[in-house]
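The following note is addressed to a colleague who meets this structure without prior acquaintance. Please read the points with the sequence and the model at hand.

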Amino acid sequence: MRTARLLLVLLPFTLVACTAEAPPAAKGAAPSDAAATTTGEDAAPVGTGTETADGVVYGEPIGSAPSVELTELVTNTDAYVGKRVRVVGLVTGVCAKRGCWFKIGAEEGPEEITFKVEDGVMVFPMSAQGKWAEAEGTVAKVEYSLEKTREYFARKAEESGAAFDPASVTEPLSLVRLAGIGAVIRDELPAATGE
Amino acid sequence: MRWRRLFRVLHRDIGYLLFGLVLAYAISGLAVNHVEDWNPNYSISVSEIDVGPLPADGGLDAMEAHVAAAARLDAGEVTGRRRPGPNVFIVFLREGGEARVAVDSGRGRLERVSTRPGLFETNFLHLNHLKGAWTYVADAFALLLAFLAISGIVLLKGRAGLAGRGKWFVLAGLLIPLAFVAHYYTTR
């Protein structure tokens with residue numbers, strides 16, 4: 001009986017010791033000097049991101065895939081479908097409920113793609129919006145029906161406060177999606193990469 | 001029997017130990033169960049704004065400065081900006097919100113985001129967003145819950161025990177999820 005009680009007394013201390021790791025970067029705080037890495041090779045597997053000197057790192061290490069300009073990827077999507085690429089762009093939106101995707105867009109211009117992961121694999125905070133992402137994943141093309149395309153543009157128009165006529169949409173839309181492998185979110189656009 | 005006495009002590013003390021975590025997981029469970037109806041992590045408020053026409057000269061920097069000043073955004077609150085179309089300008093805010101206005105009129109909306117205190121953290125523990133060492137803590141929690149379930153049904157002897165009325169409650173508790181599973185497979 002005493003042994004059992006002793007075990008129960010010790011258990012909380014074991015739990016505390018196990019949890020003594022870096023806190024999540026859910027608030028998207030500024031990078032620290034704690035773990036210097038450029039692509040997250042040393043980062044612990046934290047779904048909410050690991051703060052490094054280079055930014056907040058998510059998922060697997062990135063950097064091995066060829067870098068593709070956002071405009072090029074959006075314009076010539078078919079040439080990249082199924083290929084692993086790396087893209088740099090502004091985080092223009094984040095999944096508010098599950099944190100399972102974010103949008104990467106141009107600072108000036110309509111180009112936008114979605115970086116999507118399975119629920120819980122990586123969890124992106126809403127505070128990532130407005131920061132710069134270097135993201136790596138496999139390219140997929142998502143084809144919308146005409147009805148879905150109209151819904152999409154209606155939502156976009158509502159967001160921007162513009163008038164929208166469903167009849168003005170006559171062709172279905174196709175969107176670019178990256179099946180997310182890894183990403184680094186930074187406060188500033190890295191000088192070497194450019195948008 | 002000595003084992004029953006040991007189970008009682010363990011059941012009681014593990015119950016005390018897991019009190020906080022069970023409550024946290026229960027609250028988070030309720031919260032994320034209804035994720036289609038509300039946002040369990042963030043509170044988002046939207047208001048109309050009118051910052052006046054944005055400056056035609058000075059590019060994105062001038063537009064950003066105009067919106068920040070007119071919308072009275074705090075210094076350091078702005079994290080980025082975007083102009084996705086000729087008449088749309090967006091200023092992104094630190095916690096995930098944004099000010100989205102029409103370039104010609106300056107009218108638009110201000111969206112502010114804040115995490116739900118306590119619930120946000122509870123959810124990322126419950127859904128194991130931390131991963132790493134927390135996975136093992138969650139595993140230990142799950143195993144201890146299993147122990148509580150098993151020890152709980154064998155604690156009492158006699159008419160109130162498993163051999164008595166207890167078996168009917170256990171059976172009912174098993175039948176409810178099994179009925180849903182059966183329904184799923186017979187109707188798909």
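The numbered points below begin with one chain as a whole and then turn to individual strands, residues and rings.

1. Nature of the model and outline of chain A. The structure is a predicted model, and every value in this note should be read accordingly. Chain A contains three helices and seven strands. Along the sequence, these elements follow one another in the pattern α-β-β-α-β-β-β-β-α-β.

2. Burial and contacts in chain A. Of the 195 residues in chain A, 44% are buried. The accessible surface of this chain is about 9,600 Å², and carbon and sulfur atoms contribute 56% of that area. Among contacts in chain A with a separation of 6 or more, 64% join residues that are 24 or more positions apart.

3. Strand E3 of chain B. This strand spans residues 88-93, and six of its six residues are buried. Which residues lie on each face of E3(B)? On one side are B:Val88, B:Ile90 and B:Phe92, and on the other are B:Phe89, B:Val91 and B:Leu93. All of these residues are buried, and both faces of the strand are thus covered.

4. The pairing of E3(B) with E2(B). Strand E2 of chain B, residues 78-85, pairs with E3(B) in the antiparallel sense, over five bridges. Within this pairing, B:Leu93 of E3(B) has B:Val78 opposite it. The two strands form a hairpin, with two residues between them.

5. The pairing of E3(B) with E4(B). Strand E4 of chain B, residues 98-102, also pairs with E3(B) in the antiparallel sense, again over five bridges. Here B:Phe92 has B:Glu98 in E4(B) as its bridge partner. What separates the two strands of this hairpin? Four residues lie between E3(B) and E4(B), and B:Gly96 in the turn has a positive phi of about 115°.

6. A buried threonine in chain A. A:Thr52 belongs to strand E1 of chain A, residues 50-52. Is A:Thr52 buried or exposed? A:Thr52 counts as buried because its relative accessibility is 1%, and the cut-off for burial is under 20%. The side chain of A:Thr52 has a polar atom 3.1 Å from the backbone nitrogen of A:Asp54. A polar atom of that side chain also lies 2.8 Å from the backbone oxygen of A:Gly55.

7. An exposed glutamate in chain A. A:Glu143 is placed in strand E6 of chain A, residues 132-143. A relative accessible area of 56% makes A:Glu143 exposed, since the cut-off for that class is over 50%. Leaving aside residues up to four places away in sequence, A:Glu143 touches A:Leu173 and A:Ser174. The C-alpha atoms of A:Glu143 and A:Ser174 are 4.4 Å apart in space, although the two residues are 31 residues apart in sequence.

8. Aromatic pairs. The structure has 12 aromatic pairs, counted over all chains. One of them joins B:Trp3 and B:Phe7 in an edge-to-face arrangement, 5.6 Å centre to centre and with 85° between the planes. Because B:Trp3 and B:Phe7 are four residues apart in helix H1 of chain B, residues 2-33, about one helical turn separates them. B:Trp3 is partly exposed at 35% relative accessibility, and B:Phe7 is likewise partly exposed, with a relative accessible area of 22%.

9. A second pair in chain B. B:Tyr184 and B:Tyr185 also form an edge-to-face aromatic pair, at 5.0 Å centre to centre and with 75° between the planes. How accessible is each partner? B:Tyr184 counts as partly exposed at 45% relative accessibility, whereas B:Tyr185 counts as exposed at 53%.

10. Rings in chain A. A cluster linked by ring pairs consists of A:Tyr58, A:Phe102, A:Phe115 and A:Phe124. Two lysines are also placed over rings. The charged end of A:Lys103 sits over the ring of A:Trp101, 5.4 Å from the ring centre. At 5.9 Å from the ring centre, A:Lys148 lies over the face of A:Tyr144.

Key. Residues are numbered from 1 along each chain as its sequence is written. Chains are lettered from A and ligands numbered from 1 in the order in which they are written. This is a predicted model: local features need pLDDT of at least 70, side-chain atom pairs count only at pLDDT 80 or more; totals for chains, interfaces and linings use all residues. Side-chain values use heavy atoms; hydrogens and water are left out. Buried means under 20% relative accessible area, exposed over 50%, partly exposed in between (1.4 Å probe, protein chains only). Two strands pair if DSSP finds at least two bridges between them. Contact means heavy atoms within 4.5 Å. A polar contact is a pair of N or O atoms within 3.5 Å; within protein, one must be able to donate a hydrogen and the other to accept it, and residues adjacent in sequence count only if both atoms are side-chain atoms. Accessible areas come from the Shrake-Rupley method with a 1.4 Å probe; for residues, only the protein chains shown count as cover. Rings of Phe, Tyr and Trp (its six-membered ring) pair if their centres lie within 6.5 Å; planes under 30 degrees apart count as stacked, over 60 as edge-to-face and the rest as tilted. A charge sits over a ring if NZ of Lys or CZ of Arg is within 6 Å of the ring centre and within 35 degrees of the ring normal.
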